[in-house]
Amino acid sequence: MKICVLPGDGIGPEIIAEAVRVLQALDLGFEMEEALLGGCAVDATGDPYPEATQKLALAADAVLLGAVGGPQWDGNRREQRPERGLLGIRKQLGLFANLRPAILYPELANASTLKPEVVAGLDILIVRELTGDIYFGEPRGIEVRNGERFGFNTMHYTESEIRRILRVAFEAARKRSRKVCSVDKMNVLECTQLWRDVAAETALEYPDVELSHMLVDNAAMQLVKNPKQFDVVVTGNMFGDILSDEASMLTGSIGMLPSASLDANNKGLYEPSHGSAPDIAGQGVANPLATILSAAMMLRYTFSNEAAAKRIEDAVKKVLAQGFRTGDIYESGMKKVGTRGMGDAVLAAL
Ligand code: IPM
Ligand code: MG
């Protein structure tokens, strides 16, 4: 059981350290090895996804990632941007299924900017297609045409790409409330008309699951108006990027949300849904819970160890109930802790 650990940039190394401590405490015999991805890799090698990292990631059963990116690399040319490393590893490992659960912990109901009655009990799973769409479509670029600059990207999906991510959503729904909402923009974009057609065809394989369709603009509105109408939401790469950030804030803090990116054989990359937070990097105040919960998802999906996954999730619930809070979820009367303090609390709860 090999885990490739990629701390990355910003708060990445701090939050990863806590997740690694939690995995070690479980004593399940994992072999963990670290490598560079993102801006730190650009600085060290000139490449955001260097060969040594590729070798390690390809050989591992799972990858645990902190976060990539930061303002110091914003001016870099595209091939040397940290995000390129992240897109590169997703594509190379074939991680087409991105699972982003948005769960509201009862203890954090007041941390949401929405009224408690709107978000109480919230439990949504966003299933985002991760290796296709306009993110990877060719042709793309910025050129001069007719004497002016012209920017262009290409949105495309094959029916097999759509079918395989829809199947992931339907399978996930079977373990939940058996409802899938497929999000598209079929009133304008042909590519997403195909998405809707294939979603409807795939639904015939899952008569026990209810499929609905929603246009993405309406979905963005419904997510804040009445988020509890959703169970599983499935959508393409770009819409999923946007809607998953929106869904995360329903729960109060993006600092709580884990994610899993899986290939067809449940090899996976696990990372918090939040970014590298350069504004608080190196201060020891970042919330490590999303990364710790990502490690739990790793145990569940790649290593099929539901019991160990539950142990971590129960430990996180316990520390919240005990009143431990990092700055992002702090309310007066609670016990304010930093990254290490939160890690200590989780280890104690374990
Ligand atoms: C995410 C991020 C990435 C994405 C960026 C960092 C490339 O926003 O994982 O949601 O757009 O996929
Ligand atoms: Mg995003």
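Before sorting the shell, I note the classes: Ala, Val, Leu, Ile, Met, Phe, Trp, Tyr, Cys and Pro count as nonpolar, Asp, Glu, Lys and Arg as charged, and the others, Gly among them, as polar.

Ground rules: this is a predicted model, where local features need pLDDT of at least 70 and side-chain atom pairs count only at pLDDT 80 or more, while totals for chains, interfaces and linings use all residues. Residues are numbered from 1 along each chain as its sequence is written, chains are lettered from A and ligands numbered from 1 in the order in which they are written, and side-chain values use heavy atoms, leaving out hydrogens and water.

**Entry 1, the shell.** I looked up what surrounds ligand 1 (a heavy atom within 4 Å) and got Glu-83, Leu-86, Arg-90, Arg-100, Arg-128, Tyr-135 and Asp-241. By class, I read two nonpolar, no polar and five charged. Helix H4 (residues 82-92) gives the largest share, three residues; helices (H or I, at least four residues) and strands (E, at least two) are DSSP runs, numbered from the N terminus.

**Entry 2, polar contacts.** Which distances turn up at the ligand's oxygen atoms? I counted N or O pairs within 3.5 Å. A polar side-chain atom of Tyr-135 sits 2.5 Å from an oxygen of ligand 1. For Arg-128 I find 2.8 Å, and for an N or O atom in the Asp-241 side chain, 2.9 Å. The protein covers 76% of the 320 Å² of accessible area that ligand 1 has on its own (Shrake-Rupley, 1.4 Å probe).

**Entry 3, backbone oddities.** I then checked the loops. The peptide bond from Glu-138 to Pro-139 is cis, omega near 0 degrees, and Pro-139 falls in the loop between strand E5 (123-129) and strand E6 (141-145). Arg-178, between helix H6 (159-174) and strand E8 (179-184), has a positive phi near 60 degrees despite not being glycine.

Definitions and conventions
A polar contact is a pair of N or O atoms within 3.5 Å; within protein, one must be able to donate a hydrogen and the other to accept it, and residues adjacent in sequence count only if both atoms are side-chain atoms.
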